[in-house]
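Trainee: I have a new model open and would like to go through it. Please keep it plain.

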Amino acid sequence: LALPVAALSLFSITALADDSTAATTIYVSSTGSSENAGTVESPLDFASAVQRVANPGQTILLAAGTYEYDSRIIISKNGENGKLITVKPQNEGDKVVFDFSQQAFDSNNRGIQLNGDYWHFYGVEITGAGDNGMYVGGSYNIIENCQFYKNSDTGLQLGRASGSFTNIADWPSYNLIKNCTSFYNYDEETLEKLKYVKPTSW
C-alpha cells in the first residue's frame with residue numbers, strides 16, 4: 001500500500017541514534033566526508049550524518065549547495081518523542097538541493113527513503129529521482145517547507161517501508177506534511193502525473 005501526497009496523514013515529531021553524543025548540532029556539506037567530525041570546519045557527508053551519526057534531539061545543518069547522488073539514501077534510525085532529529089539548511093534562505101538525476105528510471109530508485117521515526121525535514125528540495133523523490137515509511141515525522149520536482153513518480157509518497165509489512169500497525173502513521181510543494185513529477189511507465197499542489201497552512 002502506498003499513499004501519494006494527496007492522501008496525507010497527521011502526525012508528530014522527533015529523532016535518531018549512534019556515534020555522535022556530545023554535540024547537539026551536526027554540520028554537513030555537499031563536499032563533506034564520512035571521515036570528518038561533523039563540525040563547521042570539518043563537515044560530514046549527508047549519508048553518514050543521517051544513517052550513522054545522528055542521535056535523538058540533534059540537528060543536522062546542511063550547507064547551501066547541490067548534493068548529487070546516484071543511489072537511494074535509506075534512513076532507518078529513529079528519534080524519540082520530544083527529541084526529533086531535524087534536517088534543515090544551515091542558514092535561513094539557503095538553497096539545499098538533493099539531486100538524484102544520475103539514477104535510472106526504476107521503482108527501487110527513490111531519492112530519500114525515510115523508514116525511521118521522529119524526523120523533521122525542513123526547507124530542502126529533492127529532484128531527479130528514478131522513482132519517488134521522498135518515500136516516507138516511518139511514523140511521527142514532519143516534512144515541512146520542502147519542494148519535490150522532476151522526479152519519476154510522485155514527488156512525495158507515504159507507504160509501507162517493506163511489502164512484507166502486512167500488519168497495519170507497522171504502516172506509517174502520524175506523519176505531518178506541512179507547506180510542501182510538489183510539481184513536474186511524472187511516472188514514465190504508467191504515464192501518471194502528480195498535479196501541482198498549492199501549499200496550505202495547517
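Mentor: One term before we start: a residue is buried under 20% relative accessible area, exposed over 50% and partly exposed in between, using a 1.4 Å probe and protein chains only. This is a predicted model, so local features need pLDDT of at least 70 and side-chain atom pairs count only at pLDDT 80 or more, while totals for chains, interfaces and linings use all residues. Residues are numbered from 1 along each chain as its sequence is written, and side-chain values use heavy atoms, leaving out hydrogens and water.

Trainee: Fine. Is strand β6 mostly covered or mostly open?

Mentor: Mostly covered: β6 spans residues 85–89, and 4 of those 5 residues are buried. Strands here are DSSP runs of E with at least two residues, helices are runs of H or I with at least four, and both are numbered from the N terminus.

Trainee: Which strands does β6 pair with?

Mentor: β3 (residues 59–62) runs parallel to β6, with 4 bridges between them. β9 (residues 119–122) also runs parallel to β6, joined by 3 bridges. Strands count as paired if DSSP finds at least two bridges between them.

Trainee: Which residues should I click on to see that?

Mentor: Try Thr59, whose bridge partner in β6 is Thr86. Then go to Val87, whose partner in β9 is Phe121.

Trainee: Side chains alternate in a strand, right?

Mentor: In a regular one, they alternate between the two faces of the sheet.

Trainee: And helix α1, enclosed or open?

Mentor: Helix α1 covers residues 46–53, and 6 of its 8 residues are buried, so the rest of the structure largely encloses it. The buried ones are Phe46, Ala47, Ser48, Ala49, Val50 and Val53.

Trainee: Phe46 makes me think of rings. How many aromatic pairs are there?

Mentor: The whole structure has 8. A pair means ring centres of Phe, Tyr or Trp (its six-membered ring) within 6.5 Å; planes under 30 degrees apart are stacked, over 60 edge-to-face, and the rest tilted. Tyr140 and Tyr174 make a stacked one, at 5.2 Å centre to centre and 10° between the planes.

Trainee: Where do those two sit in the chain?

Mentor: In distant parts, 34 residues apart: Tyr140 is in the loop between β11 (134–136) and β12 (142–144), and Tyr174 in the loop between β14 (156–159) and β15 (176–178). Tyr140 is partly exposed at 28% relative accessible area, and Tyr174 is partly exposed at 47%.

Trainee: Got another stacked pair?

Mentor: Tyr149 and Phe183 count as stacked because their centres are 5.2 Å apart and their planes at 15°. Tyr149 is in strand β13 (residues 147–149) and Phe183 in strand β16 (residues 181–183), so this pair ties together parts 34 residues apart in sequence. Both Tyr149 and Phe183 are buried.

Trainee: And Phe46, which cluster is that in?

Mentor: Phe46 forms one aromatic cluster with Tyr67 and Phe98.

Trainee: What sits over the ring of Tyr135?

Mentor: The charged end of Arg110, 3.6 Å from the ring centre. The criterion is NZ of Lys or CZ of Arg within 6 Å of the ring centre and within 35 degrees of the ring normal.

Trainee: Last topic, backbone. Which residue in the loop between β12 and β13 should I look at?

Mentor: Asn145 is in that loop. Its phi is near 55°, positive in a residue other than glycine. Asn145 is partly exposed, at 31% relative accessible area.

Trainee: What about Tyr174 again, what is its phi?

Mentor: Tyr174 also has a phi near 55°, again positive without being glycine. Most residues other than glycine have a negative phi.
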